[in-house]
Amino acid sequence: MPADGIAAASAPGRNSAPYEGLRGLLLVAAPIALVILLVILPTSAMVLGSFRVGDGFGADRYLAFFADAYSMANLRYTVFWTLASTVSALALSFGLALYLRFSTGRLAAIVHALSLFPLFVPAIIISYALVRFLGPNGLFQLLLEQVGITGYRTPYLTPIGPYIAFIWESLPLPVLVLTAGLTQVSDSAIEAARDLGAGAGRIVAEILLPQLQRPLIIAFALVFLGTIGSYTIPYLLGPPAPEMMGVYIARTMGNLQRPDEAAVQAVILLAIASVVGLIYIATMARAGRQ
Amino acid sequence: MLRLTDVGKSFGGAQAVAAASFSVVEGELVCLLGPSGCGKSTLLRMIAGLTEPDTGVIEIAGQDVTTLPANRRPTAMVFQSHALWNHMTVERNVSFGLRVRGLPRTEIADRVAAALDLVGLSRFGSRRPAELSGGQAQRVALARCLVVQPKVLLMDEPFSALDAHLRANLREELKALQRRLTLTVIFVTHDQEEAMELADRIVVMDSGRIEQIGRPNELYLEPQSLTVARFIGQTNICETTIAGGRADWFGARLLTQCADGPATILSRPEDLVPASNGAPARVDRVTDLGPMLRLHLTTDDGGQLVWLCPRSSAPQTGSRVSLVPGRLQVYRNGERIGTAEAARPSTAHARTLA
């Protein structure tokens, strides 16, 4: 009798298991369908289309891109300034995260809020704010002139303009990721190093940075991927040539009406982003396993 | 080797440590003992330089280190959570302090090998801390401190997260090591048994104040305050009044030299002896401790007593007995004021009544 009771009690659970599995599948079906329909299918079609030459396939368009000096200059310019602004944003946010990890009180709360502020400001606002601040007769120039410094030449139409804007725009994400990473390092782990004679530099180099490897890779990937494909900031700031790939692709597609060439440019950009994306996925997967 | 003079620390108006003063000689193992939040860890951190004292002076080997940062003090600390760095091998963990000091690579290797050998982990150098058991991790943490040859070794409840058996083993190992290397050690614990077993002297703390400093047997036999008496070992407490050199102890009469007035009389469970003129009581419960039995009794006037009794002469549950304290201490306003003895002691036979 008790055995029957147990069997009866467990029966509904056994029967409902397949339905629960089906319900789970139904829940993820919509987003998976969206990703397939709106991302994977068009991307695959674009990648495939970029290799289409007449009735067959070939790499002619890619060879043409790599042979074109202007296209290569744009690619180099994009990768270089993306890397430069990503590394700078990471360095800045590491300093901020260190401060936030070891400081308490009102000032730390204000710094935290300020470091997250760009998260809520659209790129177009950031760009125009920088134009108004750094541009000719902008606030920065006026401030310099107030203290007697004249001859200011605005950097907003040089690569430094978008470089500053990229850092400003991407600062919150690495600050969040690195602050979370630093909270995983216990106080006693840091105190043990201090206690054994280590100064601040050695603690950062030997205790904190090695334990922040994963958050640093994740932050790097997030900032790099957000910057390399950006359009608004490099459209409004920086020199007319060379161009960031985002602007170049849009111009090739829109102004020049050459969708095939735009597809090649996009696939090349996608390939670079995919490398960083794969590093990100591998890091996340390793973290999941551990 | 170490001298503290009026060392104090407050956190936001709350006094964590109040004017602590004591000295530790070379080769001595001193335990800071007290309940959670009594200020013992704060005091240890001030010696280490991890917390800055508000007042007082800390001297190590004759040098004033009060304002020196932790990384410039001749101390090394074993943390409760062992605080090993998981991204380094055991060897790298142990060699850290030597690398910081810029010693030659060969000397580092020799000293690390010797330190790991000392704690019995010679073959574990290439492992990661995550691959070690709790006891092994604490041994590595100890080796990491010993390798830098600190003048004072500080230990903040290092064994509290380990199981009882392992804790007892590590205590024995530490004591042997401390004697062999003549280490000067300050050991923080809330476990009075651990302190009694390890310490040459114990500093008992409560609410940020040092209650008493003494050898373990001094603290146990003659606690200077009720707080110390209650914290170290089990006690039978009797609130009574002294009048004309006499006092009542659960119905038994005591004689004392202490002045008249209210008093608290403490006696240890193992100091109770059967006597015909003792306090009459009934055995409520018997706990078998192996070599001894612990008897929980209720006296006829409603008092509670605990009696540690040899197995051979232990009465049964429900039996009636009559007991007097063979040794006792008298306290007034929390401070020890003297002793007392049972009137007309008669300890020849146990009087088991039913």
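Begin by selecting Glu243(A), which sits in the loop between helix 12 (232–236) and helix 13 (245–253) of chain A. Keep in mind throughout the tour that this is a predicted model. With a relative accessibility of 7%, Glu243(A) counts as buried, because buried means under 20%. If you now display the residues around Glu243(A), leaving aside those up to four places away in sequence, you will find that it touches Tyr70(A), Asn74(A), Tyr77(A), Thr78(A), Tyr248(A) and Arg251(A). Among these, Tyr70(A) deserves a distance label, since its side chain and that of Glu243(A) are joined by a polar contact of 2.6 Å.

**Where chain A meets chain B**

Next, show both chains and select the residues in contact, of which 16 residues come from chain A and 24 residues from chain B. The area buried between the two chains is about 1,700 Å², and carbon and sulfur atoms give 56% of that area. Between chain B and chain A there are 9 residue pairs in polar contact, counting pairs in which both residues are at pLDDT 80 or more. On the chain B side, the elements that give two or more residues to the surface touching chain A are helix 1 (40–48), strand 6 (75–78), helix 2 (90–100) and helix 4 (134–146). Helix 2 of chain B gives the most to this side, with 5 residues. Colouring this side of chain B by residue class will show 13 nonpolar, 6 polar and 5 charged residues.

Which salt bridge might one pick out here, given that the interface of chain B and chain A holds 2 salt bridges? Select Glu191(A) together with Arg45(B), whose side chains meet in a salt bridge at 2.4 Å, N to O.

**Salt bridges within chain B**

Over all chains the structure holds 21 salt bridges. As a general point, side chains of opposite charge can pair when their charged atoms come close.

Select Glu173(B) and Arg139(B), whose side chains meet in a salt bridge at 2.9 Å, N to O. This pair links distant parts of the chain, for Glu173(B) is in helix 5 (residues 164–181) of chain B and Arg139(B) is in helix 4 of chain B, 34 residues apart. Is each partner buried or partly exposed? Glu173(B), at 35% relative accessibility, counts as partly exposed, whereas Arg139(B), at 18%, counts as buried.

Stay on helix 5 of chain B and move to Arg171(B), which forms a salt bridge with Glu193(B), the closest N and O atoms being 3.7 Å apart. Glu193(B) lies in helix 6 (residues 192–198) of chain B and Arg171(B) in helix 5, so the pair ties together parts that are 22 residues apart in sequence. Arg171(B) is buried, with a relative accessible area of 5%. Adding Glu194(B) and Glu197(B) to the selection completes a network of salt bridges that links them with Arg171(B) and Glu193(B).

For the last stop, select Asp288(B) and Arg311(B), whose side chains meet in a salt bridge at 2.5 Å, N to O. Asp288(B) lies in strand 15 (residues 272–288) of chain B, while Arg311(B) lies in the loop between strand 17 (304–310) and strand 18 (320–325), so this pair ties together parts that are 23 residues apart in sequence. Asp288(B) is partly exposed, with a relative accessible area of 48%, and Arg311(B) is partly exposed as well, at 43%.

Methods. Residues numbered from 1 in each chain as written. Chains lettered and ligands numbered in written order. Predicted model: local features only at pLDDT ≥ 70, side-chain atom pairs only at ≥ 80, totals over all residues. Heavy atoms only, no water. Contact = heavy atoms within 4.5 Å. Buried area = accessible area lost by both parts, 1.4 Å probe. Salt bridge = Lys/Arg side-chain N within 4 Å of Asp/Glu carboxyl O. Polar contact = N/O pair within 3.5 Å; in protein donor to acceptor, adjacent residues only side chain to side chain. Helix = DSSP H or I, 4+ residues; strand = E, 2+ residues; numbered from the N terminus. Nonpolar A, V, L, I, M, F, W, Y, C, P; charged D, E, K, R; others polar. Buried < 20%, exposed > 50% of the residue type's maximum accessible area, 1.4 Å probe, protein only.
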